[in-house]
Amino acid sequence: MLLELKRLQIPPGQKIWLHNTTWAEFEQILLELGEHRGARIAYYNNILEIMTPLPEHESNKEIIGDLIKVLLEELEIEFYSLGSTTFKNQLMEYGIEPDNCFYIENEAQVRGKNRLDLTVDPPPDLALEIDITSRTHREIYSQLGVKELWRFDKGELEINVLENGSYQEIEFSPHFPSLPLREVIPQYLRQVKTVGRNKTMKEFRNWIRSSSNIII
Amino acid sequence: MLLELKRLNVPPGQKIWLKDITWAEFEQILEELGEHRGARIAYYNHTLEIMTPLPEHESNKVIITNLIEAILEELDIEFYSLGSTTFKNQLMEYGIEPDNCFYIENEAQVRGKNRLDLTVDPPPDLALEIDITSRTHREIYQQFGVRELWRFDQGKLQINVLENGRYQEVEFSPHFPSLPLKEVIAQYLGQVKTLGRNKTMKEFRNWINAQKIG
């Protein structure tokens, strides 16, 4: 039996797999789903995964994204954030949408671009995934050559760095080597829920300044 | 874009909704999914819900079923269990598959039947749902007139009884009014994980018989 894609609805916190999906179908499904949607996708081995995040996932995503932006601002590192842009590589037949992603070293090469094609454009320098423990996603990011992958799950931050094509979990982010972020990010995230967002962000800025001063 | 239903895979612990599904499509999808499948369905308001249970869900289902069967056997109450048979009522446009279900008072009316149509057959007398907290499911069982609905979720048993068309949570099952099952079922279920299944079942049977004498 044939069903129209639009009749499929994935409730929050749920995911499905569409098997035997060709690259052309993947592209068509992306078009039909459109840009303004809650659902997120991943494509590998001719399987299209479609998942709908929970609201709490979205709130953690926003705050961690903001904390990363504050870090880059305070340390005066130029960056370009592309949110959950779909990253695709037709040659590799992989596609993924991170919770957020940042171009840092490669910022100049993508500045102002809205659509990216990883057969020509560089991958993001830092990608963020929340509440996703999928090994397949890890595999996609490593194949696409994303140098640093942050995964936030069950209140803990995991920092992965690409070494010889596979991720190694490490203590300090190579982008921010002087800051104990694994410890500090979850702490400020929790603080938002008690102290409030703006106050926490201000404190986080102050903490970065004082930490950088000590090092200098 | 059109997708073949068979390309859709719902991973364990996940569910999806298919919207604007007519009764004819619902019947066709049931046929395509076939009888031997892990996925379970519910149909209401032209929405078809497809869910795939987790392995731990299945294990709890089997043990609670065995405990119910032991009670009915020990108390010498005739019954007919229809597992996760699809219950459908075309007039109401509802469909559901419980984790398990039992005909007790109405056992004689369905004995030996494999397919049921709730426009003519009676609903089961006791239905069991594991790990499902959906209000919609409750509503479907209510509309079907299933008199007793057990829901086991997060280690707790909830017993619901239909009163004037709505479920009321009660302490004692009207089918087994002398047994404190809300407490005891969860306890024996836990015991299976430490003592083993057979030993626990034997103890449970002994416990039921001791209650009879008392």
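## An exposed strand residue in chain B

With 11 C-beta neighbours inside 10 Å, B:E169 counts as exposed (the label applies at 12 or fewer other C-beta atoms within 10 Å, buried means 20 or more, partly exposed is in between, and C-beta atoms are placed from the backbone). You'll find B:E169 in strand β13 (residues 166-170) of chain B; strands here are DSSP runs of E with at least two residues, helices are runs of H or I with at least four, and both are numbered from the N terminus.

Setting aside residues up to four places away in sequence, B:E169 touches B:Q158, B:I159 and B:N160 (contact means C-beta atoms, placed from the backbone, within 7 Å). B:I159 is 10 residues from B:E169 in sequence, and their C-alpha atoms are 5.6 Å apart.

## What you're looking at

This is a predicted model, in which local features need pLDDT of at least 70, side-chain atom pairs count only at pLDDT 80 or more, and totals for chains, interfaces and linings use all residues. Residues are numbered from 1 along each chain as its sequence is written, while chains are lettered from A and ligands numbered from 1 in the order in which they are written.

## Helix α5 of chain B

Helix α5 (residues 181-195) of chain B has 15 residues and reaches 20 Å from its first C-alpha to its last, close to the expected 21 Å (that expectation is 1.5 Å times one less than the number of residues). Its buried residues are B:L181, B:I185, B:Y188, B:L189 and B:V192. Looking down the axis of α5(B), these buried residues fall within an arc of 105 degrees, so they line one face of the helix (the arc is that of the directions from the helix axis to the C-beta atoms).

The buried residues of α5(B) pack against α2 (55-74), β12 (156-163) and α6 (197-213) of chain B. Turned away from that buried side, the other face of α5(B) carries the exposed B:E183, B:K193 and B:T194. Right after the helix comes B:G196, with a positive phi near 100 degrees.

## Where the chains meet

In the contact between chains, 20 residues of chain B meet 20 residues of chain A. On the chain B side, the elements giving two or more residues are β1 (2-4), β2 (8-9), β3 (15-18) and α1 (23-33). β3(B) gives the most, with four residues. By class, this side of chain B has 11 nonpolar, three polar and six charged residues (Ala, Val, Leu, Ile, Met, Phe, Trp, Tyr, Cys and Pro count as nonpolar, Asp, Glu, Lys and Arg as charged, and the others, Gly among them, as polar).

There's strand pairing across the chains too: β1 (residues 2-4) of chain A and β1(B) run antiparallel over three bridges (DSSP must find at least two bridges for strands to pair). A:L2 has B:E4 as its bridge partner.

## The nonpolar core

The largest nonpolar core has 91 residues, and those with the most contacts inside it are A:I64, A:L67, B:I64 and B:L67. Such a core is a set of buried Ala, Val, Leu, Ile, Met, Phe, Trp, Tyr and Cys residues joined through C-beta atoms within 7 Å. α2(B) gives the most to this core, with six residues. As for A:I64, its contacts beyond neighbours within four places in sequence are A:L128, A:F152, A:I185 and A:L189.

## Strands and a helix in chain A

Strand β4 (residues 40-44) of chain A is mostly covered, with four of its five residues buried. Five bridges join β4(A) to the antiparallel strand β5 (residues 47-51), and A:I41 has A:I50 as its bridge partner. The two strands form a hairpin with two residues between them, and A:N45 in the turn has a positive phi of about 50 degrees. β4(A) also pairs with β8 (residues 94-96), antiparallel over two bridges; here A:Y43 stands opposite A:G95.

In strand β9 (residues 100-103) of chain A, A:N100 and A:F102 point one way, A:C101 and A:Y103 the other, and all are buried. β9(A) pairs antiparallel with β6 (residues 80-81) over two bridges and with β10 (residues 126-130) over three.

Helix α4 (residues 135-144) of chain A buries A:H137, A:I140, A:Y141 and A:L144. These cover an arc of only 95 degrees around the axis, which puts them on the same side of α4(A). Their cover includes β4, β7 (87-89), β8, β10 and β11 (148-153) of chain A.

Definitions and conventions. Contact = placed C-beta atoms within 7 Å.
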